[in-house]
Amino acid sequence: MLNNPKKGIALLIIATLFWSGNYICGRYLAPALPPMLLNTIRWGVSALILWGLLRAKKQRLPLLAKWKEFGTLGFLGIFVFSTLTYEGLTQVSASRAGMISALIPMFILLSTPLILKEKVTWRAWLGSLISIAGVYLLFQSKTSDPSSGTLEGDVMIFLSCVAWSFYTVLGKKYGATTDPLTLTAGAAVYGSLFSAISSIGAIGSASIHITPTAWLCILYVSTFASVVAYFCWNAGVKLVGAAKAAPFINLLPIWTVLLGVVLLGEQISGIALAGGGLAMMGAIFASGRTNRQHKHGGETG
């Protein structure tokens, strides 16, 4: 049963806002740090923060008892998703990466019935299609950009979307017995370990170019784009269901474009505004509940 769907929607929106900043910072950090090292530092710091929050709440982190759940989520959502995202951002623009993320809802909707055995409503399917149409318009507004990126970069971002969809659905499944903070902390520990192991022998000092601004970006991605965003996303998915949460990923390109205008001085066209509005409409529509659902108060995913 849904306890507070409005709160869940708000949490999902906050998560996507902070993640869009991750795309901006990731693009800026591309020449400063190798992707695997960046991911190790980011999630190593995040894991310490999350562990501290659990200690403050007098909660234990069952790393061994729940190694399967934490390891799976850490591998998919922390190691694979983040590493491929940062690798992709060395070759494609932040806005393009955000737009490719519009594929995530469809992957989530396809995997939800298989893993969670939840029924996907027609509203969720239609809302996702509307959102993707909006992201397509956003993509069209960027086609004249010569720095859009390479095919290899697109493939990396595409594969990161697949990893994130499984992380979302499995997070909903494991969230039935584990609170979001513990779930995120456990995934962060295992994910940072995977990243650290992958970095051994693969990074040279010549590839590290840290500046004061780069440190600020690392601080952001280690806190707001990691601890806060992941916690908000897991909590939001638990409240509204994986299928209804899926279209909210399409808010990423909206925030990315807006941040590009505010922080990078990019220009935004009328077609981009139309696409952003359409993507948001699709997310809102997909999150709605039918009269029958209101009457029975059940979750249909």
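## Aromatic pairs

Searching the whole of this predicted model turns up 14 aromatic pairs. One of them joins Phe18 and Phe224, whose ring centres lie 5.2 Å apart with 45° between the planes, a tilted arrangement. This pair bridges distant parts of the chain: Phe18 belongs to helix 1 (residues 5–29) and Phe224 to helix 9, with the two positions 206 residues apart. Phe224 has a relative accessible area of 39%, so it counts as partly exposed.

Tyr167 and Tyr230 make another pair, and here the centres are 5.8 Å apart and the planes stand at 65°, so the geometry is edge-to-face. Because Tyr167 sits in helix 7 (residues 151–174) and Tyr230 in helix 9, the contact ties together parts 63 residues apart in sequence. Tyr167 and Tyr230 are both buried.

## A ring cluster and the core

If you follow the ring pairs onward, you can trace a cluster made of Trp19, Trp43, Phe81, Trp164, Tyr167, Tyr230 and Trp233. Several of these names come back in the largest nonpolar core, a set of 78 residues: Trp19, Trp164, Tyr230 and Trp233 are among those with the most contacts inside it, a list that also includes Leu12, Leu29 and Leu73. Helix 9 (residues 212–240) gives the most to this core, with 14 residues.

Trp19 is a good place to look around. Beyond its neighbours up to four places away in sequence, Trp19 touches Trp164, Ala225, Ala229, Tyr230, Trp233 and Leu252.

## Helix 8

Helix 8 covers residues 180–199, and its 20 residues reach 28 Å from the first C-alpha to the last, close to the 28 Å expected at 1.5 Å a residue. Of those 20 residues, 15 are buried, so the helix is largely enclosed by the rest of the structure. At the N-terminal end, Asp179 acts as the cap, with a side-chain oxygen 3.2 Å from the backbone nitrogen of Leu181. After the helix comes Gly201, which has a positive phi, near 75°.

Ser192 is one of the residues in helix 8. Its relative accessibility is 11%, below the 20% cut-off, so Ser192 counts as buried. The side chain of Ser192 reaches the backbone oxygen of Ala188 at 2.9 Å. Setting aside neighbours within four places in sequence, Ser192 is in contact with Thr40, Trp43, Gly44, Ala47 and Ile78. Trp43 is also a member of the ring cluster.

## A charge over a ring

One last feature to find in the viewer involves Arg123 and Trp122: the charged end of Arg123 sits over the ring of Trp122, 5.9 Å from the ring centre.

Conventions: Residues are numbered from 1 along each chain as its sequence is written. This is a predicted model: local features need pLDDT of at least 70, side-chain atom pairs count only at pLDDT 80 or more; totals for chains, interfaces and linings use all residues. Side-chain values use heavy atoms; hydrogens and water are left out. Helices (H or I, at least four residues) and strands (E, at least two) are DSSP runs, numbered from the N terminus. The expected span of a helix is 1.5 Å times one less than its number of residues. Buried means under 20% relative accessible area, exposed over 50%, partly exposed in between (1.4 Å probe, protein chains only). A polar contact is a pair of N or O atoms within 3.5 Å; within protein, one must be able to donate a hydrogen and the other to accept it, and residues adjacent in sequence count only if both atoms are side-chain atoms. A nonpolar core is a set of buried Ala, Val, Leu, Ile, Met, Phe, Trp, Tyr and Cys residues joined through side-chain atoms within 4.5 Å. Contact means heavy atoms within 4.5 Å. Rings of Phe, Tyr and Trp (its six-membered ring) pair if their centres lie within 6.5 Å; planes under 30 degrees apart count as stacked, over 60 as edge-to-face and the rest as tilted. A charge sits over a ring if NZ of Lys or CZ of Arg is within 6 Å of the ring centre and within 35 degrees of the ring normal.
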